[in-house]
Amino acid sequence: FAVGSTSYIILACTGAETLNTITGGTTGHVLLIENTDTECTIADDDDATAADAIDLTGTATNDVGALKKVIGLLYNGTDWVQISESDN
């Protein structure tokens with residue numbers, strides 16, 4: 001999806017879906033993503049080989065959504081780097 005100037009996204013999937021990239025970010029953009037179901041997966045691209053890829057903390061492990069789980073990401077001009085996670 002594209003974020004534009006948005007800083008908060010509610011992620012709601014209508015079935016098993018995987019998020020691989022986020023477009024529209026600007027350098028320094030902080031984005032909070034809140035999951036509202038368990039069907040969304042955020043793909044971890046540890047090497048950030050694709051433009052606008054998501055690099056989650058730790059080794060290459062995708063993040064499976066959980067109710068009210070919030071992930072914080074920072075756009076460094078090339079890709080999104082995870083800065084926080086809250087499991088509620």
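This is a working chat about the strands, the core and the charged residues of one predicted model.

Trainee: Before we start, what should I keep in mind about the numbering and the model?
Mentor: Residues are numbered from 1 along each chain as its sequence is written, and because this is a predicted model, local features need pLDDT of at least 70 and side-chain atom pairs count only at pLDDT 80 or more, whereas totals for chains, interfaces and linings use all residues. Side-chain values use heavy atoms, with hydrogens and water left out.

Trainee: OK, strands then. Which way do β1 and β3 run, parallel or antiparallel?
Mentor: β1 and β3 run parallel and are joined by 4 bridges, and I10 has E34 in β3 as its bridge partner. Strands here are DSSP runs of E with at least two residues, numbered from the N terminus, and two strands pair if DSSP finds at least two bridges between them.

Trainee: And what does β3 do with β7?
Mentor: Those two pair in the antiparallel sense over 5 bridges; within that pairing L32 has G72 as its bridge partner in β7, and I33 stands opposite I71.

Trainee: How many bridges join β7 to β8?
Mentor: There are 6 bridges between β7 and β8, which run antiparallel, and G72 stands opposite S84 in β8. The two strands form a hairpin with 4 residues between them, and G77 in the turn has a positive phi of about 100°.

Trainee: What's the order in the open sheet of 3 strands?
Mentor: The order is β2-β4-β6, with mixed pairing. Its edge strands are β2 (17-19) and β6 (63-64), each of which pairs on one side only. β4 and β6 run antiparallel and are joined by 2 bridges, and I42 has D63 in β6 as its bridge partner.

Trainee: Switching to the core, how many residues are in the largest nonpolar one?
Mentor: It has 16 residues, and those with the most contacts inside it are I22, L31, I33, I42, I54, L73 and W80. A nonpolar core is a set of buried Ala, Val, Leu, Ile, Met, Phe, Trp, Tyr and Cys residues joined through side-chain atoms within 4.5 Å, where buried means under 20% relative accessible area, exposed over 50% and partly exposed in between, with a 1.4 Å probe and protein chains only.

Trainee: Which strands supply at least two residues each?
Mentor: β1 (8-11), β3 (30-35), β4 (40-42) and β7 (70-75) each do so, and β7 gives the most to this core, with 3 residues.

Trainee: What is L31 in contact with?
Mentor: Leaving aside neighbours within four places in sequence, L31 is in contact with F1, V3, T6, S7, Y8, I9, I22, I71, G72, L73 and W80, contact meaning heavy atoms within 4.5 Å.

Trainee: Now the charges. How many salt bridges are there?
Mentor: A search of the whole structure finds 2 salt bridges, a salt bridge being a side-chain nitrogen of Lys or Arg within 4 Å of a carboxyl oxygen of Asp or Glu. The side chains of D63 and K69 meet in one at 2.9 Å, N to O, and those of K69 and E85 meet in one at 3.2 Å, N to O. The pair of K69 and E85 links distant parts of the chain, with K69 in the loop between β6 and β7 and E85 in strand β8, 16 residues apart. D63, K69 and E85 are thus linked in a network of salt bridges.

Trainee: Are those three buried or exposed, and why?
Mentor: D63 counts as buried because its relative accessibility is 8%, and K69 is buried as well, with a relative accessible area of 7%, while E85 is partly exposed at 37%.

Trainee: What else is D63 in contact with?
Mentor: D63, which lies in strand β6, is in contact with C40, T41, I42, L56, K69, I71 and E85, leaving aside neighbours within four places in sequence.

Trainee: Last one: where does D79 lie, and how far away is the nearest side chain of opposite charge?
Mentor: D79 lies in the loop between β7 and β8 (80-86). This residue is buried yet has no salt bridge, and the nearest side chain of opposite charge, K69, is 19 Å away; for that search Lys and Arg count as positive and Asp and Glu as negative, while His and the chain ends are not counted. Leaving aside neighbours within four places in sequence, D79 is in contact with A48, D52, A53, D55 and L74.
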